[in-house]
Amino acid sequence: MPQNQDKSSYLSVFREFESGLNGQSQNPVHGLRTSAIKQFESLGFPTTRDEDWIHTNVAPLTKLTFGRPSETDIEDLASPVPDLGCPTLVFVNGKFSANRSSALDTLPEGVTATSLREAIDSGNKQIIGHLAQHARYDTNTFTALNTAFIDDGALIHVPVGKIVETPIHLLFISSGTQTISHPRVLLVAEDNAQVTVIETYVGTGNYFTNSVTELVAGDNTVVDHYKLGLEDAEAYHIAAMQTCQGANSNVSTHSVSLGGLLVRNEVNAKLAGEGCEATVNGFYLLEENQHLDNHTLIEHAQPNCTSHELYKGILGGSSQGVFRGKIHVHKIAQKTDAFQTNQNLLVSENANANAKPQLEIYADDVKCSHGVTIGQLDEDAIFYLRARGIGKENARNLLVHAFANDIINRVKVDPIRKHLEGLVMNKFGNLAKTALDS
Amino acid sequence: MLEVKNLHASVEGTEILRGIDLKVNAGEVHAIMGPNGSGKSTLAQVIAGHEAYDVTQGEILYEGEDLLELSPEERAQAGVFLAFQYPVEIPGVNSAYFMRAALNELRKARGQEELDALDFLTLAREKLSLVEMDESFINRSVNEGFSGGEKKRHEIFQMAVLEPRLAVMDETDSGLDIDALRIVAKGVNSLHSEDRAVVVVTHYQRLLDYIVPDFVHVLLNGKIVKSGGKELAHKLEEKGYDWIRQEHKTVTA
């Protein structure tokens with residue numbers, strides 16, 4: 001495969017980064033970094049000839065040179081941050097900002113929500129046991145790059161049996177011209193624990209965020225995870241998330257993508273224990289020349305597990321949406337019940353969507369299904385509404401809202417749901433306001 | 001109330017209506033009958049304002065105004081109602097919400113106060129009982145998962161809520177069992193009054209036992225070829241449409 005030559009700027013930034021790591025070269029994490037940068041060097045950047053990147057061209061990321069950000073102003077955010085009123089860790093250009101963070105002391109005793117940097121420096125057990133053990137950097141070049149640059153991010157650790165009632169919010173703010181950050185999130189919820197974690201990405205500028213999240217759920221554990229992609233319209237965002245679920249656990253992840261010029265969201269869910277349940281949802285609202293690639297893998301590695309996957313998107317302007325969803329059922333994963341749907345609503349002539357569901361099933365007693373729709377608003381439905389006295393514009397808006405509600409209503413965290421409703425409302429009028437509540 | 005004059009309409013270049021003349025006065029019930037493909041549903045859709053149909057000639061006057069100048073929503077606001085032959089399923093749009101939004105659009109157009117959710121519910125309950133439907137129906141998405149009969153009753157429920165001046169029923173009877181048919185007829189009859197008119201488009205005479213028409217028109221090949229009283233419907237039921245076809249041929253020959 002022809003490799004892109006333009007990884008050299010990333011390598012020189014790495015050398016600069018490495019020389020700034022005073023005294024850390026003895027830390028075991030540094031071994032990870034050096035092995036990951038080698039991996040990145042050998043993998044190189046993907047091209048559209050790569051099966052996994054066929055509809056997403058990352059050329060801008062290889063042509064532009066992204067430097068390490070300096071301390072920057074974060075005043076004018078392109079998108080407002082939802083006020084969640086819960087413990088919040090704030091990161092500016094990838095670095096933890098203690099004075100912007102809040103309410104961390106309200107977490108239950110024994111629960112850790114801290115800067116990854118701090119955890120690395122103090123030799124936290126979770127770091128040693130889990131960091132880079134789940135998200136694969138041997139095959140994914142961006143994960144390799146993130147791993148090579150592991151510096152700061154969030155560590156959340158919920159010990160056995162702990163229930164964290166309020167969500168924990170991780171807010172990543174980026175800014176600058178051609179700057180890059182590699183946020184890293186490690187979430188470990190041990191057996192019988194429960195926690196909700198929200199990652200929000202906002203910013204201003206044409207920066208590049210390359211994030212990796214690892215989510216580990218023990219047996220009987222419940223984790224709800226949300227990712228709000230509210231990046232600047234000029235920004236690049238590549239994210240990979242890997243979950244690993246223990247027996248009888250229940251993990252849901254909701255990926256919301258509204259911002260960004262070029263966005264790739266990879267969600268890999270591994271149902272690694274018997275009898276667990278995974279929900280993998282996504283919602284996207286694209287306009288102008290945004291490009292979004294949702295790439296998911298649901299891996300059923302054990303019997304009697306259930307997965308539900310629903311991605312819905314509204315595409316306007318000349319935006320492009322890509323969905324690739326693979327369900328992989330291992331030979332021993334009998335009685336798997338897996339369901340996947342991707343629905344795209346095109347609200348402009350120039351928007352387009354590409355969707356490819358994929359089933360790879362090695363067990364013989366499973367229930368798997370998938371479905372894809374790509375379409376415009378139903379003209380018959382518009383006429384039906386108009387024939388009852390509802391104006392054309394309102395009829396269209398009502399149908400867009402109805403399409404979006406189906407997924408927005410699955411968001412369990414009230415302020416997030418309201419925030420999303422507000423965003424859809426702003427774009428598509430508010431006749432249907434009360435329809436959202438009903 | 002409704003005056004259709006020499007109406008010609010086509011869809012994608014194919015002429016379907018070839019000169020319809022029809023006059024409906026307030027207080028009257030008209031039945032439009034005809035075999036499949038005669039243009040009955042097209043006439044209903046053109047009256048409601050479906051944009052797929054091009055009116056190439058003629059006019060439609062509604063209460064003296066040019067109906068064809070109005071958008072579908074303006075027609076509804078002016079009191080025209082079409083009970084759809086195939087009611088559309090709208091996932092995610094709750095029926096109660098939809099009907100309240102529609103009713104309030106109509107009320108706004110008439111300069112009336114909008115109804116709040118509570119007042120609407122009171123009204124909706126009353127109208128639901130008329131069509132013997134459970135309240136749970138309006139808490140569901142519009143027509144989604146409804147049986148054929150439920151969809152038709154839901155149309156009548158909407159008509160009862162919106163209280164149109166001119167109701168056009170497009171094959172509301174097709175596919176209904178006798179109980180549902182009676183319920184539908186009861187709904188239509190309850191709306192009927194001196195200042196309202198009903199146009200029933202149907203394939204069969206059966207519905208007309210319950211909604212008794214003042215006039216029956218036979219539509220063939222895009223034209224009304226015969227008009228008469230309710231006895232015409234019985235004759236059609238007995239003898240079919242062939243005799244009219246023969247008669248019509250003789251006339252045009």
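Two residues are in contact if their C-beta atoms, placed from the backbone, lie within 7 Å. The exercises below use this cut-off on a predicted model.

**Exercise 1. List the contacts of Phe81(B) beyond its sequence neighbours, and place the residue in the nonpolar core.**

Solution.
- Step 1. Set aside the neighbours within four places in sequence; Phe81(B) is then in contact with Ala76(B), Met159(B), Leu162(B), Pro164(B), Leu166(B), Ala167(B) and Val168(B).
- Step 2. Turn to the largest nonpolar core, which has 203 residues: Phe81(B) and Val168(B) touch the most other members.
- Step 3. Ask which element supplies the largest share of this core. Helix α8 of chain A, residues 392-408, does so with nine residues.
- Step 4. Locate the core relative to the domains of chain A. Residues come to it from both domain 1 (5-273) and domain 2 (381-438), so the core lies between them.

**Exercise 2. Describe how domain 1 and domain 2 of chain A meet.**

Solution.
- Step 1. Take the bounds from the domain assignment: 5-273 for domain 1 and 381-438 for domain 2 of chain A.
- Step 2. Over C-alpha atoms, the centres of these two domains of chain A are separated by 32 Å.
- Step 3. Count the residues in the contact: 13 from domain 1 of chain A and eight from domain 2 of chain A.
- Step 4. Find the elements on the domain 1 side. Those giving two or more residues are β8 (194-205), β10 (222-230) and β12 (250-257) of chain A, and β10(A) has the largest share, three residues.
- Step 5. Sort that side of domain 1 of chain A by class: eight residues are nonpolar, three polar and two charged.

**Exercise 3. Is strand β7 of chain A covered or uncovered, and which strands pair with β7(A)?**

Solution.
- Step 1. A residue is buried if 20 or more other C-beta atoms lie within 10 Å of its own. By this test six of the six residues of β7(A) are buried, and the strand is mostly covered.
- Step 2. Separate the two faces. Arg184(A), Leu186(A) and Val188(A) point one way, while Val185(A), Leu187(A) and Ala189(A) point the other way; all are buried.
- Step 3. Find the pairing with β4 (153-158) of chain A: parallel, over six bridges. Within it, Leu187(A) is the bridge partner of Ile156(A).
- Step 4. Find the pairing with β9(A): parallel, over six bridges. Here Leu186(A) has Glu214(A) as its bridge partner.

**Exercise 4. Which residues of helix α6 of chain A are buried, and what covers them?**

Solution.
- Step 1. Helix α6(A) spans residues 141-148, and eight of its eight residues are buried.
- Step 2. Name them: Thr141(A), Phe142(A), Thr143(A), Ala144(A), Leu145(A), Asn146(A), Thr147(A) and Ala148(A).
- Step 3. The cover includes helices α1 (8-19) and α2 (28-43) of chain A, together with strands β7 (184-189), β9 (208-217) and β11 (236-245) of chain A.

**Exercise 5. Work out the strand order of the four-stranded open sheet in chain B.**

Solution.
- Step 1. Strands of a sheet pair through backbone hydrogen bonds, either parallel or antiparallel.
- Step 2. In this sheet of chain B the order is β2-β1-β4-β5, and the pairing is antiparallel.
- Step 3. The edge strands of chain B are β2 (14-24) and β5 (65-66), each of which pairs on one side only.
- Step 4. Check the pair β1 (2-11) and β4 (53-62) of chain B: the two are antiparallel over eight bridges, and Val11(B) has Tyr53(B) as its bridge partner in β4(B).

**Exercise 6. Describe the side of chain B that touches chain A.**

Solution.
- Step 1. Count the residues: 23 of chain B are in contact with 20 of chain A.
- Step 2. Identify the elements of chain B that give two or more residues: α2 (72-77), β7 (90-94), α3 (95-109) and α5 (148-162). The most comes from α3(B), with six residues.
- Step 3. Sort this side of chain B by class: 15 nonpolar, six polar and two charged residues.

**Exercise 7. Judge how compact chain A is for its length.**

Solution.
- Step 1. Chain A has ten helices and 20 strands.
- Step 2. Its radius of gyration is 21 Å, close to the 22 Å that the globule rule gives for 438 residues, so chain A is as compact as a globular protein of that length.
- Step 3. Add the burial: 53% of the 438 residues of chain A count as buried.

Notes
Residues are numbered from 1 along each chain as its sequence is written. Chains are lettered from A and ligands numbered from 1 in the order in which they are written. This is a predicted model: local features need pLDDT of at least 70, side-chain atom pairs count only at pLDDT 80 or more; totals for chains, interfaces and linings use all residues. Two strands pair if DSSP finds at least two bridges between them. A nonpolar core is a set of buried Ala, Val, Leu, Ile, Met, Phe, Trp, Tyr and Cys residues joined through C-beta atoms within 7 Å. A residue is buried if 20 or more other C-beta atoms lie within 10 Å of its own, exposed if 12 or fewer, and partly exposed in between; C-beta atoms are placed from the backbone. Domain bounds come from an automatic or database domain assignment. Ala, Val, Leu, Ile, Met, Phe, Trp, Tyr, Cys and Pro count as nonpolar, Asp, Glu, Lys and Arg as charged, and the others, Gly among them, as polar. The radius of gyration is taken over C-alpha atoms; the globule rule is 2.2 Å times the number of residues to the power 0.38.
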